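This report goes through the side-chain contacts and one strand sheet of a single chain. Please keep the sequence and the model open while reading.

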Amino acid sequence: MRVCIFLFLLFAGVSRALICNRENGRIKQIDASNGQVFAVDRLGNVFTRRGSFWARVPGKLAHVTVGAAGVWGVGRDQTLYRMVAGSWALLGGQLTQIDAGGDQIVAGVNRHSNIFCADKQSAVRAADYRSPAYRQINGRMRYYSCGPQSCWGITAQGLIYCRLNVHANFCTGSRWLRVSGRFVVVEVGTDGSVYAVSRAGLVYRRMLQIQLTAPKVLSEVWLLFSS
């Protein structure tokens with residue numbers, strides 16, 4: 001069977017939306033950053049995109065992410081892995097979802113919706129079960145995604161929050177900002193662009209809107225995304 005995949009590839013800080021292409025196979029989860037694309041199918045097989053075809057990556061995962069901090073993955077038993085010298089290195093901790101899209105930090109959530117992150121220094125050096133060193137972020141999220149300057153989370157109820165003042169050496173950030181809307185997925189790109197998917201499967205992008213009537217007001221809103 002064939003599956004239709006929407007990719008938001010982020011090259012050189014530019015967000016590029018690709019037209020939906022039909023690819024062979026059943027992809028369960030996919031992530032793209034820095035010119036790389038990784039995916040996991042329904043059987044846990046891992047693939048990376050090489051030119052016009054999918055290349056199999058050894059190992060079985062439930063979730064994979066690629067970003068400035070490298071390629072990371074979560075096993076079906078919630079164990080954490082990082083690709084080191086072409087192989088999966090078993091790391092410390094247990095998560096159900098992880099994201100490597102921040103400024104060389106990693107962040108994710110566990111099965112209890114607790115949120116954790118690792119600062120740049122710890123993330124880039126992670127190579128065995130004694131690493132990385134995690135910091136816990138207050139709050140509970142079902143999914144957590146990071147960009148260069150902020151991280152975005154989604155609760156079990158579909159509420160959206162932005163974590164402010166996230167930095168390479170301060171991955172926990174300072175506080176939550178509630179953002180309007182209800183979605184099932186939220187993702188932050190390498191250039192800081194934010195996308196979300198509604199329960200109906202519609203894709204939205206967070207955009208700056210200018211109110212032209214006096215007084216002029218700048219505000220951010222969700223706009224339906226179309227390629």
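## Disulfides

C146 is buried, at 1% relative accessibility. The model is predicted, and in it C146 forms a disulfide with C151, the sulfur atoms lying 2.1 Å apart. C151 is buried too, with a relative accessible area of 0%. The link of C146 and C151 is right-handed, with 105° about the S-S bond. C162, by contrast, takes part in no disulfide. The nearest cysteine sulfur to C162 belongs to C151, 8.1 Å away. That is outside the 2.5 Å cut-off for a disulfide. C162 is buried as well, at 6% relative accessible area.

How many disulfides are there by this rule? The count comes to two. C117 and C171 form a disulfide, with 2.1 Å between their sulfur atoms. The torsion about the S-S bond of C117 and C171 is about 70°, so this disulfide is right-handed. The pair links distant parts of the chain, 54 residues apart. C117 sits in strand β15 and C171 in the loop between β19 and β20. C117 is buried, with a relative accessible area of 1%. C171 is buried, also with a relative accessible area of 1%.

## The sheet around β15

Strand β15 belongs to an open sheet of four strands. The order is β13-β14-β15-β16, and the pairing is antiparallel. Which strands stand at the edges? They are β13 (97-99) and β16. Each has a single partner strand, so one side of each is left without a neighbour in the sheet. From one strand to the next, the twist averages 20°.

β15 and β16 pair in the antiparallel sense over four bridges. One bridge partner can be named: N114 has R140 in β16.

## Salt bridges

The whole structure holds three salt bridges. R135 and D119 meet through their side chains at 2.7 Å, N to O. R135 lies in strand β16 and D119 in the loop between β15 and α1, so the pair ties together parts 16 residues apart in sequence. D119 is buried, at 10% relative accessibility. R135 is partly exposed, at 43%.

D128 and R130 make another salt bridge, at 2.8 Å, N to O. Here D128 counts as partly exposed, at 25% relative accessibility. R130 counts as exposed, at 64%.

E220 forms a salt bridge with R206, and their closest N and O atoms are 3.6 Å apart. E220 lies in strand β24 (residues 217-224) and R206 in strand β23 (residues 203-211), so parts 14 residues apart in sequence are tied together. E220 is partly exposed, with a relative accessible area of 47%. R206 is buried, at 15%.

## Aromatic pairs

How many aromatic pairs does a search of the whole structure find? It finds seven. One of them is F116 with Y134, an edge-to-face pair. Their ring centres are 6.5 Å apart, with 75° between the planes. This pair links distant parts of the chain, 18 residues apart. F116 is in strand β15 (residues 114-118). Y134 is in the loop between α1 (120-125) and β16 (135-140). F116 is buried, with a relative accessible area of 19%. Y134 is partly exposed, at 29% relative accessibility.

Y161 and W176 also form an edge-to-face pair, 6.3 Å centre to centre and 80° between the planes. Y161 belongs to strand β19 (residues 159-164) and W176 to strand β20 (residues 175-182), 15 residues apart. Y161 is partly exposed, at 22% relative accessibility. Elsewhere, W152, F183, Y204 and W222 form one aromatic cluster.

## Charges over rings

W176 has a further contact. The charged end of R163 sits over the ring of W176, 4.9 Å from its centre. With Y161 as its edge-to-face partner, W176 thus joins a ring contact and a charge contact.

The other case involves R49 and W54. The charged end of R49 sits over the ring of W54, 4.9 Å from the ring centre.

Definitions and conventions. Residues numbered from 1 in each chain as written. Heavy atoms only, no water. Phe/Tyr/Trp six-rings, centres within 6.5 Å; stacked < 30°, edge-to-face > 60°. Helix = DSSP H or I, 4+ residues; strand = E, 2+ residues; numbered from the N terminus. Buried < 20%, exposed > 50% of the residue type's maximum accessible area, 1.4 Å probe, protein only. Lys NZ or Arg CZ within 6 Å of the ring centre and 35° of its normal. Pairing = 2+ DSSP bridges. Axes fitted to C-alpha atoms, helices over the stretch in contact; angles between N-to-C directions. Salt bridge = Lys/Arg side-chain N within 4 Å of Asp/Glu carboxyl O.
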